[in-house]
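The exercises below are meant to be worked through with the model open beside the text. Each one sets a task, and a stepwise solution follows.

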Amino acid sequence: MHSPVVVVSDLSVERSGRLAVEEVSFELQSESETAVVGPNGAGKSTLVAALLGLLPRTAGQVQILGQQLSSNGDLPGAIRSQIAYVPQSLALQGRFPLSVAEFVGFGFDPPGPRWPWHQHRKRKSAVEKALDRTGCIDLRNRLLSELSGGQLKRVMLSFCVVRPRQLLVLDEAQAGLDVPSNERFQQLLLELRRQEGWTVLHVSHDLDMVRRSSDQVLGLNRRLCCSGSPDHTLTPERLVDLYGPNMVPYRHQCHG
Amino acid sequence: MVDIQALALVLAEPFMQRALIGGLLTGALGGLLGSVAVLRELSFFSDALGHSALLGITVGILIGVNPTLVLIPFAVVFAILVNQLVERSSLPTDALLNIVYSTSLAAAILFLSLVESYRGGIRQLLFGDILGVSSLDLIVIGMLLVAALIYLSLSLRAQVLLTLNQELAGAVGVQTRWHRLAFIVLLAVVVAVSIKAVGVLLISAFVVIPACAGRLLCRRFPLYVIVSSALGGTCALLGLLASGLTNLPSGPSVVMVQFLGFLIALVLSSGIFRRPSTTAPDPQL
């Protein structure tokens, strides 16, 4: 039995003056993949942000790798450096003078002030490996602002895999990826879990992919409407409960 | 034709030497902080800070304290308050900054109209007087440049990640609130210190134009910061030399040279001077 990497108890979060997440509790087991699904505005990204300590909690507790998240969202640097996060997008208006390799290199550095040339060789080698692993090696000299949406997502994943971690949080990271890139992305997540013991939490709207890859599904619509294995959670009745009566569940036959 | 003798005479004057060093340091400082400010869409913020500085000077005159002493704390408090307003308000940032800077300007002009002895100095406040830069000013600007270089070098990762995505920065351990505030306070101090040399109306050009030129030319972040700073310093130096030779106002001369530098960067980045590809054309095409 794996130990829980994340324990969330009775978490409530307010956003823009209203309760966006209400009394949510769940655990993420080590090396598991958990998907958060739900309609737009259900509080999925808010849940993720609060879990990472980026938004203040109204109530409840969050424990990551055995360490309690403080009320102002602080975690010790040693725990922070075990967490990787892929946001929905980056602010890249206009020409942004930052190469892909430089960006991925920033993922290598632990928190805290450092001179830019600190551990230059180690960083360079780790960046090459990470870019190779995510199929982005040809993009290393491109500007971040020159990439397509799908390429940017792959580069953001390189930022995460450039150093060993234990928890990977993805906020709709696979949206915009073409079919081969999506498959490769999913394969890499599987490798990270099985070979390196990573735990993955991702927000997704792709229910077919969630059904195929996740161990646990959290159906969120402000409150946790359902949770459990995909077979238990993604049933037509529960999906209608979660998304409303207009939801028409469709399952790809080729995946059985 | 450049009159070399006239140039040599001008350069021999101590006030001109101080002005050149002051211009070089102020330009380099503006370009350095501008490189981050422009990416973080704080260009308009530096403009608002410049206009608020006029109000700070006016308050100093009204309460009978040396305006230079009032200016730095005033700019810092003003920057923190505006930052709070922008963070907490649901209105767009550019609209809020417009309200702030036009109100500061209006208040400053109203207060200045009450002070008989300062009416003649408005032009100096608006366009700066780099020739009036003292040795103490040079020491302060120099120390500020060193402090800004150290802070930006040590926090380069934090500055970049904060600019790209605040949540990503927070998730990997960047103290986002602290770094946002530290940068804004640093920008406020730089603007306050540079006002004497550059003037209220032109201070934002020192922050924005060299950084935009650098942004067009560079593909590596540290190089972009260095080029922006170097362009800021070089343009200030050339502008002051041109001003000394032609007897034109110094601040506007520097801004015109900065603009020329920006145009050159624009042309260079447009690909006109890039070598054509040497690969053979595809025979099937």
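Two strands are taken to pair if DSSP finds at least two bridges between them. The model examined here is a predicted one.

**Exercise 1.** Determine how strand E3 of chain A is joined to E9(A), and in which sense the two run.

*Solution.* Step one is to count the bridges: strand E3 (residues 33-37) of chain A is joined to E9(A) by 4 bridges, which meets the requirement of at least two. Step two is the direction, and here the two strands run parallel. As a point of register, Val37(A) stands opposite Gly219(A) in E9(A).

**Exercise 2.** Follow E9(A) onward to E10(A), and describe the pairing and the turn that lies between them.

*Solution.* Strand E9 (residues 216-221) and strand E10 (residues 223-228), both of chain A, pair over 5 bridges in the antiparallel sense. Together E9(A) and E10(A) form a hairpin with 1 residue between them, and Asn221(A) stands opposite Arg223(A) in E10(A). The backbone of the turn can then be inspected at Arg222(A), which has a positive phi of about 70°.

**Exercise 3.** Place these strands in their sheet, and explain why one side of E6 and of E10 of chain A is left without a neighbour.

*Solution.* The open sheet of chain A is formed by 6 strands in the order E6-E7-E8-E3-E9-E10, with mixed pairing. Strand E6 (83-86) and E10 of chain A stand at the edges and have a single partner strand each, so one side of each lacks a neighbour in the sheet. From one strand to the next, the twist averages 15°.

**Exercise 4.** Characterise the packing of H12(B) against helix H13 of chain B.

*Solution.* Two packed helices are described by the angle between their axes and the distance between the axes. The axes of H12(B) and helix H13 (residues 250-269) of chain B come within 8 Å and cross at roughly 130°, which makes H12(B) oblique to H13(B). The crossing in which H12(B) passes H13(B) is right-handed. Among the residues making the contact are Leu231(B) and Ser243(B) of H12(B), and Ser250(B) and Gly261(B) of H13(B); by class, this contact has 9 nonpolar, 6 polar and no charged residues.

**Exercise 5.** Which helix gives the most to the side of chain B that touches chain A?

*Solution.* Begin with the totals, which are 26 residues from chain B and 25 residues from chain A. Helices H7, H8, H9, H11 and H12 of chain B each supply at least two residues of the side that touches chain A. H8(B) gives the most, with 6 residues. The residues of this side of chain B divide into 15 nonpolar, 6 polar and 5 charged.

Key
Residues numbered from 1 in each chain as written. Chains lettered and ligands numbered in written order. Predicted model: local features only at pLDDT ≥ 70, side-chain atom pairs only at ≥ 80, totals over all residues. Contact = placed C-beta atoms within 7 Å. Nonpolar A, V, L, I, M, F, W, Y, C, P; charged D, E, K, R; others polar. Axes fitted to C-alpha atoms, helices over the stretch in contact; angles between N-to-C directions. Parallel < 35°, antiparallel > 145°, perpendicular 65-115°, else oblique. Left-handed = near helix turned anticlockwise from the far one by under 90°.
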